[in-house]
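Me: Please take a close look at a single part of this model, then tell me how the rest of the chain is put together. Keep it informal, but stick to what the coordinates give.

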Amino acid sequence: MPFSPSSNKASNVKMVVQCEECLKWRVCYAARVLKQDQKQQLELELDTLSYSCGAYFQDIDTGGDDDSVFNHIYVNDKLTCDMPIEAAYFVTFSDPLCFYCGSEHNLEANDGQDPLCDICKASGKQPHSKNTRAFVPR
Ligand SMILES: [Zn+2]
Ligand SMILES: [Zn+2]
């Protein structure tokens, strides 16, 4: 990515893409706020896109189309399926997801903590505190 994945860059897009393998939602980033037609194009493209963690939108064959929205949108290509939901997600989107597995169900969220689902809780995971530094992939 040409910039670091911040919540500002995420709110320029306000869209997520789901990994086909781990089913976690990954945040889309852009340097500038998307125009309405770019947003629509992205929504259509994401419907048919098969994305998995670590993929890079700029590797998508756009047929040399300079107007393709994929020339402007980035996902964090350092992500792997083992990584939790990105910190920028929780800043940009209000829909709660389990920090660890991305589940939308049976969530528990205490003040200052990211949501934790009952399955992750039962497996011994501790609630992730929002006050820790943003997760930075290596
Ligand atoms: Zn994944
Ligand atoms: Zn979970």
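Reply: **A look at Gln113**

Skipping its neighbours within four places in sequence, Gln113 is in contact with Pro127, His128, Ser129 and Lys130. Keep in mind that this is a predicted model. Gln113 sits in the loop between strand E4 (107-108) and E5. Is Gln113 buried, partly exposed or exposed? It counts as partly exposed, because 15 other C-beta atoms lie within 10 Å of its own, and a residue needs 20 or more to be called buried. Ala88 is a handy distance marker: Gln113 and Ala88 are 25 residues apart in sequence, with their C-alpha atoms 14 Å apart in space.

On to the layout. The domain assignment splits the chain into domain 1 (7-93) and domain 2 (96-133). Their C-alpha centres lie 23 Å apart. Contacts do link the two, with seven residues of domain 1 touching five residues of domain 2.

The largest nonpolar core has 26 residues, and those touching the most other members are Val27, Cys28, Tyr29, Ile73 and Cys98. E1, E2, E3, helix H3 (87-92) and strand E5 (116-117) are the elements that supply two or more residues each. H3 is the top contributor, with four. This core also draws on both domains, taking at least three residues from each of domain 1 (7-93) and domain 2 (96-133). As a general backdrop, nonpolar side chains tend to be buried together in soluble globular proteins.

Val27 gives a close-up of that core. Leaving aside its neighbours within four places in sequence, Val27 is in contact with Ala10, Val16, Glu86, Ala88, Tyr89 and Thr92.

Now the sheet. Three strands form an open sheet in the order E1-E2-E3, with antiparallel pairing. Strand E1 (16-18) and strand E3 (74-75) are at the edges with a single partner strand each, so one side of each has no neighbour in the sheet. Strand E2 (residues 25-29) pairs with E3 in the antiparallel sense over two bridges, and Cys28 stands opposite Val75 in E3.

Cys28 also leads us to Lys9, which belongs to helix H1 (residues 7-11). Lys9 and Cys28 are 19 residues apart in sequence but 8.3 Å apart in space, C-alpha to C-alpha. Is Lys9 buried or exposed? Lys9 is buried, because it has 20 other C-beta atoms within 10 Å, and 20 is where the buried class starts. Apart from neighbours within four places in sequence, the contacts of Lys9 are Phe3, Tyr29, Ala30 and Ala31.

Helix H2 (residues 36-48) is another story. Just one of the 13 residues of H2 is buried, so this helix lies largely in the open. From first C-alpha to last, H2 reaches 19 Å, close to the 18 Å expected at 1.5 Å a residue.

Finally, how far does the predictor trust all this? Mean pLDDT for the chain is 92, and 94% of its residues reach 70 or more. Confidence is lowest in H2, at a mean of 93, and highest in E5, at 98. E5, then, is one end of the loop that holds Gln113, and it is also among the elements giving two or more residues to the largest nonpolar core.

Conventions:
Residues are numbered from 1 along each chain as its sequence is written. Chains are lettered from A and ligands numbered from 1 in the order in which they are written. This is a predicted model: local features need pLDDT of at least 70, side-chain atom pairs count only at pLDDT 80 or more; totals for chains, interfaces and linings use all residues. Two strands pair if DSSP finds at least two bridges between them. A nonpolar core is a set of buried Ala, Val, Leu, Ile, Met, Phe, Trp, Tyr and Cys residues joined through C-beta atoms within 7 Å. A residue is buried if 20 or more other C-beta atoms lie within 10 Å of its own, exposed if 12 or fewer, and partly exposed in between; C-beta atoms are placed from the backbone. Domain bounds come from an automatic or database domain assignment. pLDDT is the predictor's confidence in each residue, from 0 to 100. The expected span of a helix is 1.5 Å times one less than its number of residues.
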